[in-house]
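Trainee: I should like to work through this protein chain with you, one question at a time. May we begin once the sequence and the structure are before us?

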Amino acid sequence: MKVMVVVMAMVLWILFFFTTPSYSYLYSREGLHGFEDLNLTELVYSSRMLPTSTGSNALPPPLMIPLTLIQGAAAKGAVCLDGTLPGYHLHPGYGSGANSWLIQLEGGGWCNSIRNCVYRKTTRRGSSTYMEKKLPFTGILSSKAEENPDFFNWNRVKLRYCDGASFSGDGQHEASKLNFRGQRIWLAGMEDLMSKGMSRATEALLSGCSAGGLASILHCDEFRELFPATTKVKCLSDAGFFLDAIDVSGGRTLRNMFEGVVRLQGVQKNLPQICTNHMDPTSCFFPQNLIASVKTPLFLLNAAYDAWQLQASLAPPSADPHGSWHDCKSNHAHCSASQIQYLQDFRNQMLNAIKSFSMSKKNGLFINSCFAHCQSERQDTWFADDSPLIESKGIAQSVGDWYFDRVRANAVDCPYPCDSTCHNLVFK
C-alpha cells in the first residue's frame with residue numbers, strides 16, 4: 001500500500017479512542033494529528049487511512065456506515081448519559097461471511113464524577129444527538145479483502161459508547177439528569193442485533209478498543225452465552241489491558257479514577273461475582289483481575305508501553321507537577337535512562353500479569369514494544385505493507401490465526417528499543 005499525502009476537507013472524520021490530559025499528538029510514521037475535548041482524545045485519519053483525491057493511483061474513500069438508533073431501547077431504560085437513544089453502525093456480511101458477526105465496542109475513556117459526566121453528555125460520548133451520522137470502517141472493520149483478509153465479508157458492527165463506564169454501569173443521578181445505563185445499552189444492542197440475524201451466527205467475535213477493550217473483557221462470557229454451543233465465539237481486547245500501576249509520584253491515578261467510575265455509575269452489581277467475592281469492586285474493574293476467570297477464548301492486543309497509560313495514568317500532570325516527564329511522555333526518544341527503566345518495569349508488570357493467561361492454548365497475545373494505543377481499527381497498524389510485526393507476523397494475521405485455530409498466536413515482543421516496525425505516538 002502506498003502512503004500518499006492527503007489534503008482534504010474531511011476533518012469531520014475524527015476517530016475516537018481514549019482519554020488523556022490536554023495534549024495534541026502525531027503518529028510519528030503517519031503525520032496523524034489529534035484533537036481533544038476535556039478528557040477525550042480524538043484521532044483524525046492519517047494519510048494512509050484517507051483516500052487520495054487525484055491521480056491514477058487514487059484510492060477509494062473508506063466505507064462510510066450510517067448510524068442506526070436502537071428504537072426500543074428507551075423502554076428498557078437503555079439510554080445514553082443524557083437520555084437519548086443509543087446506536088450502532090452495521091455493515092451486512094455476504095458470501096462466506098453472511099452468518100459471521102464482528103461486534104466492535106467503541107472506546108472513549110470514562111467519566112468518574114458528576115462534573116465530567118455532565119460535560120460528557122454534551123458530546124458524542126454521552127449523547128447520540130452529537131454522534132457522527134456516519135463512521136468510516138477501516139482496519140478490522142474494513143470491507144476490503146486486501147485490508148482485512150479474515151473478516152472483510154462478515155457482518156461488522158460498531159456499537160457506540162455513550163455511558164462512560166465501559167458499558168457496565170446501572171444507575172442514575174436525578175439532580176444532574178444523568179443516566180448511567182451502560183449495561184442496559186449493551187443488552188439492548190445485543191438484543192437488537194440478534195433480531196437482525198446475529199442469532200443465526202455460526203462465528204462471532206466481540207472486539208473493542210481502549211475503554212471498549214475493557215468492555216470486551218467484561219462482557220466476553222455474556223457474549224458467549226448469547227449463542228448455542230455450536231457457534232464459534234471468541235473475544236478480542238485492543239489496548240484494554242489497563243494496569244493497576246503506581247504512577248511516577250507513588251500514587252495510583254488510574255485506580256482513583258476507576259474507583260470513581262465504579263462508585264458513581266453503579267458498576268459493582270455488573271462485575272463478575274467470581275472476582276467480587278474475594279476482591280473489592282474497583283480491583284474487579286481492572287483486567288489483570290478478570291482475565292483468569294474469562295472462560296471464552298480471549299486475545300489481548302496491547303502495546304507494552306501503552307501511550308494512553310503513560311500519558312494519563314503513569315505520568316499525568318497531577319503526578320508530575322514539575323513536568324519532569326513532559327518530554328519523555330510526549331516523545332519516547334526524549335526519555336532519560338531512568339525513565340526508560342521505569343517503563344521497562346511497567347512492561348514487566350504487564351507481562352507478569354498475563355503470565356498464567358498466556359499458558360492457556362485457547363487464548364492469544366500480541367504484545368508489541370511500541371508507544372501506541374488502539375491498533376486494530378487503524379489500517380496502517382492492522383494490515384498494511386509496513387504494519388507492526390513480531391517475528392515477521394502482523395496483527396491481522398495473528399488475530400486471524402488465533403480466531404480460526406490455524407496456529408498458536410502467542411507473540412510477545414522484545415523490550416524497547418528492539419522493534420523498528422512500531423507506529424509510535426509522538427505528542428506535541
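Trainee: In which loop is the place of Asp405?

Mentor: Please keep in mind throughout that this is a predicted model. Just after helix H12, Asp405 takes a positive phi of about 55 degrees. The place of Asp405 is therefore to be sought after that helix and before the next strand, in the loop between helix H12 (395-403) and strand E18 (410-412).

Trainee: How many of the nine residues of H12 are buried?

Mentor: A residue counts as buried when its relative accessible area is under 20%. Among those of H12 that meet this are Ile395, Val399, Trp402 and Tyr403. What covers the buried residues includes strand E12 (203-208), strand E15 (364-368) and helix H11 (379-382). The helix is largely enclosed by the rest of the structure, because the number buried is eight of the nine.

Trainee: Which residue has a phi near 55 degrees and a place in the loop between strand E9 (155-159) and strand E10 (171-173)?

Mentor: Most residues other than glycine have a negative phi. A positive value in a residue other than glycine is found in that loop between E9 and E10. The residue there is buried, with a relative accessible area of 0%. It is Ser166.

Trainee: How many residues of E9 are buried?

Mentor: Both faces of E9 are covered. On one side Asn155, Val157 and Leu159 are buried, and on the other Arg156 and Lys158 are buried. The strand is largely enclosed by the rest of the structure, because the number buried is five of the five.

Trainee: In what sense, parallel or antiparallel, do strand E6 (residues 87-91) and E9 pair?

Mentor: The two strands pair over four bridges. In E9, the bridge partner of His89 is Lys158. The sense of the pairing between E6 and E9 is antiparallel.

Trainee: Over how many bridges do strand E7 (residues 100-105) and E9 pair?

Mentor: Lys158 in E9 stands opposite Gln104. E7 and E9 pair in the parallel sense, and the number of bridges is five.

Trainee: Which peptide bond is cis, with omega near 15 degrees?

Mentor: Most peptide bonds are trans. The bond in question leads into Pro417, whose place is in the loop between E18 and strand E19 (425-427). The cis bond is the one from Tyr416 to Pro417.

Trainee: What distance separates the C-alpha atoms of Pro287 and Phe241?

Mentor: Pro287 lies in the loop between helix H6 and strand E14 (298-303), and it is buried, with a relative accessible area of 0%. Not counting residues up to four places away in sequence, Pro287 touches Leu214, Ile217, Gly240, Phe241 and Phe242. Pro287 and Phe241 are 46 residues apart along the chain, and their C-alpha atoms are separated by 5.7 Å.

Trainee: Which helix gives the most to the lining of the largest pocket?

Mentor: The largest pocket has a volume of about 370 Å³ and is lined by 16 residues, of which Leu218, Asp221, Pro272, Ile274 and Ser293 lie nearest its centre. Helix H3 (211-218), helix H4 (220-225) and helix H6 (273-276) each supply at least two residues of this lining. The greatest contribution is four residues, and it comes from H4.

Trainee: How many residues of the lining of the largest pocket are nonpolar?

Mentor: The lining also holds polar and charged residues. Four are polar and four are charged, while the number of nonpolar residues is eight.

Trainee: Among the elements of the protein chain, which strand has the lowest mean pLDDT?

Mentor: The mean pLDDT of the protein chain is 89, and 86% of its residues reach 70 or more. Over residues 1-56, however, pLDDT stays under 50. Where pLDDT is low, the predicted coordinates should not be read in detail. Strand E13 (residues 232-238) has the highest mean, 99, and the lowest, 28, belongs to strand E3 (residues 34-37).

Trainee: What percentage of the 428 residues in the protein chain do buried residues make up?

Mentor: The protein chain has 12 helices and 19 strands. Among its contacts between residues at least 6 apart in sequence, 75% join residues at least 24 apart. Buried residues make up 63%.

Definitions and conventions:
Residues are numbered from 1 along each chain as its sequence is written. This is a predicted model: local features need pLDDT of at least 70, side-chain atom pairs count only at pLDDT 80 or more; totals for chains, interfaces and linings use all residues. Side-chain values use heavy atoms; hydrogens and water are left out. On a 1 Å grid over the protein atoms alone, a cavity is a set of points where a 1.4 Å probe fits but cannot get out, and a pocket is an open set with protein on both sides within 12 Å along at least five of seven lines; lining residues have an atom within 4 Å of a point. Grid points are joined across faces, edges and corners, and a volume is the space filled by probe spheres set on the points. Ala, Val, Leu, Ile, Met, Phe, Trp, Tyr, Cys and Pro count as nonpolar, Asp, Glu, Lys and Arg as charged, and the others, Gly among them, as polar. Buried means under 20% relative accessible area, exposed over 50%, partly exposed in between (1.4 Å probe, protein chains only). Two strands pair if DSSP finds at least two bridges between them. pLDDT is the predictor's confidence in each residue, from 0 to 100. Contact means heavy atoms within 4.5 Å.
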